[in-house]
Amino acid sequence: MSPPPSSPLCSSGHGQSCFSRLELCPTPFTRQENTIIQTCAVACYSIAVGGGFGSYLLGLNKRTYEQAGVDTEGNTPGSYKELKVGWMTGFLFVSSFVGLLALVPLRKIMIIDYKLTYPSGTATAVLINGFHYSKQVHGFMKFFSISFFWGFFQWFYSAGEKCGFSHFPTFGLKAWRQTFYFDFSTTYIGAGMICSHLVNLSLLLGAVLSWGIMWPLIDGLKGDWFPETLPESSMKSLNGYKVFISIALILGDGLYNFLKILYFTSRSIHSRLNHNNPKPFSDNQSQPLDDLHRNELFLRESIPIWVACTGYIVFSIISIIVIPLMFPELKWYYVVVAYILAPSLSFCNAYGAGLTDMNMAYNYGKVALFVLAALAGKDSGVVAGLVGCGLIKSIVSISSDLMHDFKTGHLTLTSPRAMLLSQTIGTALGCVVAPLTFFLFYKAFDVGNPDGEFKAPYAIIYRNMAILGVEGFSALPQHCLQLCYGFFAFAIAANLLRDLTPQKIGKWVPLPMAMAVPFLVGAYFAIDMCMGSLVVFVWHKLNGEKAGLMVPAVASGLICGDGLWILPSSILALAKINPPICMSFLAS
């Protein structure tokens with residue numbers, strides 16, 4: 001890879017800049033340095049994304065407990081734990097570091113012997129290898145600035161509930177009441193630009209099916225299917241249908257993909273063991289010289305197996321002691337069994353991710369949630385299930401992420417020891433920074449309010465899955481179970497149709513996992529995502545080459561700018577500085 005062009009300020013010869021003479025010119029990052037920085041940053045934000053702040057950890061708090069219905073069987077009094085920075089940080093530390101060491105001894109088998117592709121890790125390596133392209137950086141900074149200042153501008157009009165551009169009745173007030181409106185969120189537009197058209201159209205289909213058809217019809221059956229006196233937020237009212245039908249779609253899609261990946265994983269391993277045993281790279285001289293060089297560097301700096309095994313045992317013992325002290329509902333012997341099973345579960349997930357790029361950690365976590373909730377019983381099952389879900393999910397997910405990073409390091413000629421150290425530093429930073437950042441957000445905004453801006457739908461979904469594991473189906477409103485069966489079957493059928501039909505037909509089959517999200521959240525964000533898809537579609541029609549290059553940078557700028565505005569807006573909220581104007585809309 002040729003080095004990037006020198007900066008004009010650092011050029012040599014006649015007219016040399018004073019910056020160069022004073023030796024202040026920065027040296028461009030190498031591929032290895034970029035890989036190390038990227039690995040550390042991804043490890044840090046992965047804790048924020050996958051640490052359960054919007055799902056299983058938030059499902060433990062009192063507000064989610066009350067939303068699930070204090071009169072609901074299985075949701076026993078006192079089965080909640082208020083979120084605090086201290087215990088969240090401790091839980092993340094003891095659960096995350098075990099995952100870093102679970103698969104380290106198998107890195108040669110996964111990367112070199114089995115030659116698993118790990119598409120995300122490979123794509124990251126390709127991006128790093130050709131990273132220094134000024135137009136992408138310029139595009140990112142331009143749309144980052146636009147997004148940030150747009151968030152600042154919107155803030156002035158958002159005083160009070162349901163005020164501002166985020167509640168603009170784009171399609172009329174009647175549609176707005178059913179959450180059909182465009183809320184001008186650059187985050188969702190940017191996400192829609194990154195996601196495939198199929199994902200965005202599946203979101204829109206789910207929104208139309210639920211908020212456009214089903215919920216108005218079911219709400220009209222109030223007094224027949226469920227009591228009129230119950231508030232809509234009750235799990236025995238309309239909210240019960242919203243939550244459990246979305247769960248049925250998620251579980252149907254997750255179970256299908258889980259079984260499919262297990263099938264392909266076992267078939268691939270069986271084939272390799274019986275018909276095509278891989279030889280060590282040093283015995284295969286037919287490999288390209290570049291591959292031999294990568295393999296040599298990847299194996300030169302070995303990570304001793306005894307270090308990984310000893311570290312895994314030490315961190316496991318710490319977790320077995322600490323986690324039951326934090327959560328008495330989760331007995332120590334459940335944690336022991338979890339850590340005995342974790343390496344094999346991590347291997348299955350990491351192998352499947354290497355083949356398909358699908359990280360199924362949340363599905364392993366959901367299985368653990370149901371099993372532990374049922375085993376722990378009525379009094380402690382909800383808390384035990386949620387904590388056990390987080391435990392298994394963290395180990396399995398971090399192990400898979402590490403393999404993606406090892407693949408990136410392998411392709412960018414980066415030291416595996418440096419990769420592991422960078423991942424460790426990033427994980428440690430994430431365990432500290434993520435709870436602090438979340439708590440700032442949690443205190444500044446009304447997180448978890450079903451009628452507010454930050455609904456946190458997965459918190460109530462995970463808690464109700466735990467209740468379902470404890471008490472079975474007795475908590476569901478009338479005919480909800482039959483609807484759940486139907487949508488579970490639909491999720492299985494849609495996946496079968498996609499996999500068994502010709503590609504020209506299968507590519508149009510909607511994704512049940514994507515359809516499930518607007519069932520609970522609402523239609524507005526699906527409209528934003530589709531707007532992002534529309535931008536990408538039109539851009540590709542006008543200038544396909546430029547769009548292919550610039551869409552990721554522009555989308556990232558939109559997301560990051562809006563995300564950065566959250567920090568000053570949180571500080572303003574904590575300082576009791578409120579927006580000066582409420583822009584709202586009323587019927588004439």
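Reader: What is the relative accessible area of Ala466?
Author: Ala466 is in helix α18, residues 457-471. Helices are DSSP runs of H or I with at least four residues, strands are runs of E with at least two, and both are numbered from the N terminus. Buried means under 20% relative accessible area, exposed over 50% and partly exposed in between, with a 1.4 Å probe and protein chains only. Ala466 is buried, at a relative accessible area of 0%.

Reader: What pLDDT do local features need here?
Author: Residues are numbered from 1 along each chain as its sequence is written, and side-chain values use heavy atoms, with hydrogens and water left out. This is a predicted model: totals for chains, interfaces and linings use all residues, side-chain atom pairs count only at pLDDT 80 or more, and local features need pLDDT of at least 70.

Reader: How far is the C-alpha of Ala466 from that of Leu372?
Author: Along the chain, Ala466 and Leu372 are 94 residues apart. In space, their C-alpha atoms are separated by 8.7 Å.

Reader: How far apart in sequence are Thr437 and Ala48?
Author: Thr437 belongs to helix α17. It is partly exposed, at 46% relative accessibility. Its C-alpha is 8.7 Å from that of Ala48, yet the sequence separation of Thr437 and Ala48 is 389 residues.

Reader: Which cysteine is joined to Cys163?
Author: A disulfide is a covalent bond between the sulfur atoms of two cysteines. Here it is taken as a pair of cysteine sulfur atoms within 2.5 Å. Searching the whole structure gives one disulfide. With S to S at 1.9 Å, Cys163 is joined to Cys582.

Reader: How many residues apart in sequence are the parts that this pair ties together?
Author: The link of Cys163 and Cys582 is left-handed, with -65° about the S-S bond. Cys163 lies in the loop between α7 (134-155) and α8 (173-177), and Cys582 in the segment after α22, so the pair ties together parts whose separation in sequence is 419 residues.

Reader: Which cysteine sulfur is nearest to that of Cys40?
Author: Of the bonded pair, Cys163 is buried at 5% relative accessibility, whereas Cys582 is partly exposed at 41%. Cys40 is in no disulfide, and the nearest cysteine sulfur, 6.8 Å away, is that of Cys44.

Reader: Where is the kink in α22 centred?
Author: Helix α22 (residues 524-574) has 51 residues, but its end C-alpha atoms are only 27 Å apart, short of the 75 Å of a straight helix at 1.5 Å a residue. That expected span is 1.5 Å times one less than the number of residues. A bend at a residue is the angle between axes fitted to the seven residues ending there and the seven starting there. In α22 there is a kink of about 130°, centred on Asn543.

Reader: How large is the kink in α10?
Author: Helix α10 (residues 197-219) has 23 residues and spans 31 Å between its first and last C-alpha, close to the expected 33 Å. Ser210 is among its buried residues, as are Trp211 and Trp215. The kink in α10 is centred on Ser210 and is about 30°.

Reader: What is the handedness of the crossing of α16 and α17?
Author: Axes are lines fitted to C-alpha atoms, for helices over the stretch in contact, with angles from 0 to 180 degrees between N-to-C directions. Helices α16 (residues 381-411) and α17 (residues 416-444) pack at about 140°, with axes 10 Å apart. That makes α16 oblique to α17, since angles under 35 degrees count as roughly parallel, over 145 as roughly antiparallel, 65 to 115 as roughly perpendicular and the rest as oblique. A crossing is left-handed if the near helix is turned anticlockwise from the far one by less than a right angle and right-handed if clockwise, and that of α16 and α17 is right-handed.

Reader: What phi does Thr179 take?
Author: Most residues other than glycine have a negative phi. Thr179 is in the loop between α8 and α9 (186-194). It is buried at 12% relative accessibility. Its phi is positive, near 70°.

Reader: What is the phi of Ala456?
Author: Ala456 is in the loop between α17 and α18. It is buried, with a relative accessible area of 18%. Its phi is also a positive value, near 50°.
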